[in-house]
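Let's take a walk through this structure together, one piece at a time. Keep the 3D view open as you read.

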Amino acid sequence: MMWLLGCQLVGEVMVRSLDLPVPGPVIGMVILFGLLQWRRPDTGAGLLRVSDRVLRHLQLLFIPPGVGIVAYLGAVREDALPITGALLVSWLAGLVAVGVLVALLTRRRSAA
Amino acid sequence: MSEAMDYLRSSPLTGVVLTLAAYRGGLEVKRLSRNHPLAQPVLVAIAIVGVAMWLLDIEYDEYLVGGSVIAFFLGPATVALAVPLHREAHHLKELAVPMLVAIPVGAFVSISTGVLMVRVLGGGDVLERTMAPKSATTPIAIAVADHVAGNPSMVAVFTIVVGMLGAVLGPTVLTLLHIRDRRARGLALGAASHGIGTSRALHEDPTEGAFAGLSMGLTALATSLLVPLVIHLLG
């Protein structure tokens with residue numbers, strides 16, 4: 001846990017001091033990825049076990065921000081059309097874009 | 001009685017216990033429905049907390065006294081996403097070029113279509129900024145929305161909705177498009193529907209799941225870099 005919090009702290013400080021356009025935890029993730037690739041800990045290492053446990057219950061952490069929707073129900077009803085329209089169209093566009101691009105790019109490579 | 005209610009409204013214990021109990025309830029519903037894709041523990045838990053707040057007459061701010069104790073762990077959990085990424089790192093070379101092209105393009109498509117659809121259908125500026133990061137995994141989408149002055153609570157719900165779309169409809173759409181390559185399917189699911197899409201992909205095939213997880217991590221990174229840029233360009 002110390003490593004996770006430590007990487008986040010370094011990330012948060014870097015974002016603020018260098019005025020980066022990225023959230024602190026994302027920088028923390030990149031730092032930890034670099035550390036893992038460099039040090040290559042054993043599969044039983046405490047950091048890996050704690051991370052797996054945290055990620056297994058990742059959904060739990062979304063509940064408090066999700067409950068916020070109750071506070072915004074009025075706003076959601078008002079904007080129901082742009083919200084549902086944008087969610088559906090944009091989700092489909094993203095899925096199709098990545099699927100089709102990867103399929104095309106791998107097909108060309110295996111043909112060549 | 002009123003003293004007890006005052007304690008319930010002001011103690012962080014209320015939010016923490018309520019959230020944990022609701023999550024447990026959500027997991028039970030998922031188990032009883034035999035992992036039905038619609039029985040997402042988060043949605044069930046949000047409904048349970050909402051009803052409990054209504055019954056006990058607790059405001060969202062009062063719930064957050066305890067709720068934010070749990071939400072605090074979103075930060076370290078985001079950092080922890082480096083671990084699955086590290087485990088899948090050997091796949092990086094195998095598909096480096098297609099991935100490095102498709103994922104940033106996919107993130108750009110997701111962000112810009114989200115912003116433009118909101119604009120075309122008459123949503124406001126804050127809604128555009130809230131819609132922009134919705135394809136990233138929830139903790140990152142929340143952080144990005146906060147960063148660009150969107151609405152962090154609302155984007156959490158948006159990400160859960162696109163996740164569910166991926167879990168329920170994603171594989172069908174990909175099959176209709178004749179995309180059968182497990183790696184391409186996984187990358188697409190992870191890019192459009194992050195963690196919830198990834199768990200569906202894992203259900204279909206281990207390779208598909210691994211690539212979905214990888215794609216979720218890279219999409220999160222691409223999204224956090226591209227959202228401020230796209231908002232600036234379209235603003």
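In chain B, the centres of domain 1 and domain 2 lie 27 Å apart, going by C-alpha atoms. Keep in mind that you're looking at a predicted model. Domain 1 of chain B covers residues 2-72, and domain 2 of chain B covers 80-234. How many residues of domain 1 of chain B are in contact with domain 2 of chain B? Five, and they meet six residues of domain 2 of chain B. On the domain 1 side of that contact you'll find four nonpolar residues, one polar residue and no charged ones.

Now stay in chain B and find two helices, H2 (residues 12-32) and H3 (residues 41-56). When two helices pack, people describe the pair by the angle between the axes and the distance between the axes. Here the angle is about 135° and the axes are 8 Å apart. That angle makes H2(B) oblique to H3(B), because angles over 145 would count as roughly antiparallel and 65 to 115 as roughly perpendicular. The crossing of H2(B) and H3(B) is right-handed.

Want to see who touches whom? On the H2(B) side, look for residues including B:Leu18, B:Ala22, B:Gly25, B:Gly26 and B:Val29. Across from them, H3(B) brings in residues including B:Pro41, B:Val44, B:Ala45, B:Ile48 and B:Ala52. Sorted by class, this helix contact has twelve nonpolar residues, three polar ones and one charged one.

Next, swing over to chain A. What kinds of elements does chain A have? Seven helices and zero strands. Chain A is split into domain 1 (1-61) and domain 2 (68-112), and the centres of these two domains of chain A are 27 Å apart over C-alpha atoms. How spread out is the chain? A compact globule of 112 residues would have a radius of gyration near 13 Å, but chain A comes in at 20 Å. Its C-alpha atoms fill a box of roughly 55 × 50 × 35 Å along the principal axes.

Finally, put the two chains together. Their contact takes 59 residues from chain A and 86 residues from chain B. Several helices of chain A supply at least two residues each to this side, among them H1 (2-18), H2 (24-39) and H7 (80-111). Which helix gives the most to the side of chain A that touches chain B? That's H7(A), with 22 residues. By class, the chain A side has 45 nonpolar, twelve polar and two charged residues.

How values were computed:
Residues are numbered from 1 along each chain as its sequence is written. Chains are lettered from A and ligands numbered from 1 in the order in which they are written. This is a predicted model: local features need pLDDT of at least 70, side-chain atom pairs count only at pLDDT 80 or more; totals for chains, interfaces and linings use all residues. Axes are lines fitted to C-alpha atoms, for helices over the stretch in contact, and angles run from 0 to 180 degrees between N-to-C directions. Helices (H or I, at least four residues) and strands (E, at least two) are DSSP runs, numbered from the N terminus. Angles under 35 degrees count as roughly parallel, over 145 as roughly antiparallel, 65 to 115 as roughly perpendicular and the rest as oblique. A crossing is left-handed if the near helix is turned anticlockwise from the far one by less than a right angle, and right-handed if clockwise. Two residues are in contact if their C-beta atoms, placed from the backbone, lie within 7 Å. Ala, Val, Leu, Ile, Met, Phe, Trp, Tyr, Cys and Pro count as nonpolar, Asp, Glu, Lys and Arg as charged, and the others, Gly among them, as polar. Domain bounds come from an automatic or database domain assignment. The radius of gyration is taken over C-alpha atoms; the globule rule is 2.2 Å times the number of residues to the power 0.38.
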